[in-house]
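Biologist: Got a minute to go through this one with me? Let's put it on the screen and start.

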Amino acid sequence: QVQLVESGGGLVQAGGSLRLSCAASGRTFSNYAIAWFRQAPGKERDLVGAISWSGSTYYADSVKGRFTISRDNAKNTVYLQMNSLKPADTAVYYCAAASSMYKLRRQYDYWGQGTQVTVSS
C-alpha cells in the first residue's frame, strides 16, 4: 500500500504560479511512477503529467512548457510546479502512483484525496 497526500492548492490569479506537493508513505516510494491528474467540474479526470522512478517525465500538451514535475525520493515527495497559470487550469489536482509511467487513469493503483486549484481571470 502507498498513501498519498496532496497539498499546495489554492487561489491564484492568471499568470501566477503554484507548487503542489504529493507526499507518500507506505511501500518504497522510489519504486513507483507518480502522475498528476486533474478534474474540472463536469469533466473527466485527465492526465497532466507523470514522472518515472528514474526521473523521466511526460506532460500533456496543454501544460507542456508551463508545468514541471520533479521528485525527491529522500523526502518521499513529488512536486508539480505550475507557472503561467490560466483559468482553464482550474481543477482538483490528484497525484497517483503506479509501477510504471502510464497514461491511463485506470492503470494507477493508488490515489491521493486531491487539492483544489482555482485560477482567477
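Modeller: Below we talk through a hairpin, two loop residues and a disulfide.

Biologist: Before that, what are the ground rules?

Modeller: This is a predicted model: local features need pLDDT of at least 70, side-chain atom pairs count only at pLDDT 80 or more, and totals for chains, interfaces and linings use all residues. Residues are numbered from 1 along each chain as its sequence is written, and side-chain values use heavy atoms, with hydrogens and water left out.

Biologist: OK, strand E7: which side chains point to which face?

Modeller: Phe67, Ile69 and Arg71 point to one face and are buried, while Thr68, Ser70 and Asp72 point to the other and are not. Buried means under 20% relative accessible area, exposed is over 50%, and partly exposed is in between (1.4 Å probe, protein chains only). Strands (E, at least two residues) are DSSP runs, numbered from the N terminus. In a regular strand the side chains alternate between the two faces of the sheet.

Biologist: In what sense do E7 and E8 pair, and over how many bridges?

Modeller: Antiparallel, over six bridges. Two strands pair if DSSP finds at least two bridges between them. As for E8, it covers residues 77–82, and its glutamine 81 is the bridge partner of threonine 68.

Biologist: And how many residues sit between the strands of that hairpin?

Modeller: Four, and asparagine 76 there takes a positive phi near 50°. Most residues other than glycine have a negative phi, and most peptide bonds are trans.

Biologist: Is asparagine 76 buried or partly exposed?

Modeller: Partly exposed, with a relative accessible area of 27%.

Biologist: Moving on, what is the phi of serine 84?

Modeller: About 50°, so positive although serine 84 is not a glycine. Serine 84 lies in the loop between E8 and strand E9 (91–98), and at 41% relative accessibility it counts as partly exposed.

Biologist: Change of topic: how many disulfides come out?

Modeller: One, where a disulfide is a pair of cysteine sulfur atoms within 2.5 Å. Cysteine 22 and cysteine 95 form it, with their sulfur atoms 2.1 Å apart. The pair links distant parts of the chain, 73 residues apart: cysteine 22 is in strand E3 (residues 18–26) and cysteine 95 in strand E9.

Biologist: What about the handedness of that link?

Modeller: The link of cysteine 22 and cysteine 95 is right-handed, with 70° about the S-S bond.

Biologist: Are those cysteines buried or exposed?

Modeller: Cysteine 22 is buried at a relative accessible area of 0%, and cysteine 95 counts as buried at 0% too.
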